[in-house]
Amino acid sequence: MSCSCDNGSRYFSQDPDENLDYTVNWASNGWLVNDVIVDSAWEADAELTLGLDYNSSVACLVWVQLTEEAVLGETYTLTNKIRTQTGRMADQSLLITAEQK
């Protein structure tokens with residue numbers, strides 16, 4: 001399952017048994033007109049384990065799994081920070097709630 005914030009949603013739920021990929025599509029709102037992503041980094045609360053990450057010229061993806069310390073009902077923050085070819089820097093945070101599904 002892929003979770004993407006290209007439609008404006010920044011709120012997600014994740015089961016402790018799931019390993020999901022989250023994508024930030026920076027081009028979806030027209031922000032990257034005539035520009036491209038050259039560097040991407042992910043930061044997360046300690047209750048989230050980050051796995052494989054990938055970025056294209058317009059979108060960034062990372063795999064996420066909840067740690068054993070994650071508490072059901074609690075919300076954790078996942079942040080993507082980018083730098084563009086023209087030197088702009090931006091970040092986008094996603095909120096992930098631990099939920100038994």
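**Entry 1: a term to start with**

A nonpolar core is a set of buried Ala, Val, Leu, Ile, Met, Phe, Trp, Tyr and Cys residues joined through side-chain atoms within 4.5 Å. I wrote that down before opening the structure, which is a predicted model.

**Entry 2: how far to trust it**

I looked up the confidence next. The protein averages a pLDDT of 91, and 92% of the residues score at least 70. Among the elements, strand E1 (residues 2-4) has the lowest mean pLDDT, 61, while E4 has the highest, 97.

**Entry 3: the overall picture**

I counted elements and found eight strands and zero helices. Reading from the N terminus, my note is simply β-β-β-β-β-β-β-β. Along the principal axes, the C-alpha atoms fill a box of roughly 40 × 20 × 20 Å. I then checked the radius of gyration: a compact globule with 101 residues would have one near 13 Å, and the 14 Å of this protein agrees with that. Of the 101 residues, 35% are buried. I also looked at contacts with a separation of 6 or more, and 55% of them join residues 24 or more positions apart.

**Entry 4: which strands pair?**

I began with E5 (residues 48-55) and E6 (residues 59-66), which pair in the antiparallel sense over six bridges. A hairpin of three residues joins E5 to E6. I picked out one pair here: Asn55 stands opposite Cys60 in E6.

Next I followed E7 (residues 75-84), because I wanted to see both of its partners. On one side, E4 (residues 37-44) pairs with E7 in the antiparallel sense over seven bridges. Trp42 has Asn80 in E7 as its bridge partner. E7 also runs antiparallel to E8 (residues 89-98), and nine bridges join them. In that pairing, Ile82 stands opposite Ala90 in E8. E7 and E8 form a hairpin with four residues between them, and Gly87 in the turn has a positive phi of about 95°.

A reminder to myself: in a regular strand the side chains alternate between the two faces of the sheet.

**Entry 5: the core**

Which residues have the most contacts inside the largest nonpolar core? I found Tyr22, Trp26, Leu48, Val64 and Leu78, in a core of 20 residues. Strand E3 (19-25), E4, E6, E7 and E8 each give two or more residues to this core. In soluble globular proteins, nonpolar side chains tend to be buried together.

I zoomed in on Leu48, which is found in strand E5. Is Leu48 buried or exposed? Its relative accessible area is 6%, so Leu48 is buried, as the cut-off is under 20%. Leaving aside neighbours within four places in sequence, Leu48 is in contact with Val64, Gln65, Leu66, Thr67, Tyr76, Thr77, Leu78 and Ile96. I also looked up Val62, which is 14 residues from Leu48 along the chain; their C-alpha atoms are separated by 11 Å.

Then I turned to Val64. With neighbours within four places left out again, the contacts of Val64 include Gln14, Glu18, Tyr22, Leu48, Leu50, Leu78 and Ile96. Leu78 and Ile96 are in my list for Leu48 too.

**Entry 6: salt bridges**

How many salt bridges are there? The count comes to three.

The side chains of Lys101 and Glu18 meet in one of them, at 3.4 Å from N to O. Lys101 lies in the segment after E8 and Glu18 in the loop between strand E2 (11-14) and E3, so this pair ties together parts that are 83 residues apart in sequence.

Arg88 and Asp35 also meet through their side chains, at 3.1 Å from N to O. Arg88 lies in the loop between E7 and E8 and Asp35 in the loop between E3 and E4, so the parts tied together are 53 residues apart in sequence. I checked how open each partner is: Arg88 is partly exposed at 30% relative accessible area, whereas Asp35 counts as buried at 7%.

Glu43 forms a salt bridge with Lys81, with the closest N and O atoms 3.6 Å apart. Glu43 lies in strand E4 and Lys81 in strand E7, so the pair ties together parts that are 38 residues apart in sequence. Here Glu43 counts as partly exposed at 43% relative accessibility, and Lys81 is partly exposed at 36%.

Conventions: Residues are numbered from 1 along each chain as its sequence is written. This is a predicted model: local features need pLDDT of at least 70, side-chain atom pairs count only at pLDDT 80 or more; totals for chains, interfaces and linings use all residues. Side-chain values use heavy atoms; hydrogens and water are left out. Two strands pair if DSSP finds at least two bridges between them. Buried means under 20% relative accessible area, exposed over 50%, partly exposed in between (1.4 Å probe, protein chains only). Contact means heavy atoms within 4.5 Å. A salt bridge is a side-chain nitrogen of Lys or Arg within 4 Å of a carboxyl oxygen of Asp or Glu. pLDDT is the predictor's confidence in each residue, from 0 to 100. The radius of gyration is taken over C-alpha atoms; the globule rule is 2.2 Å times the number of residues to the power 0.38.
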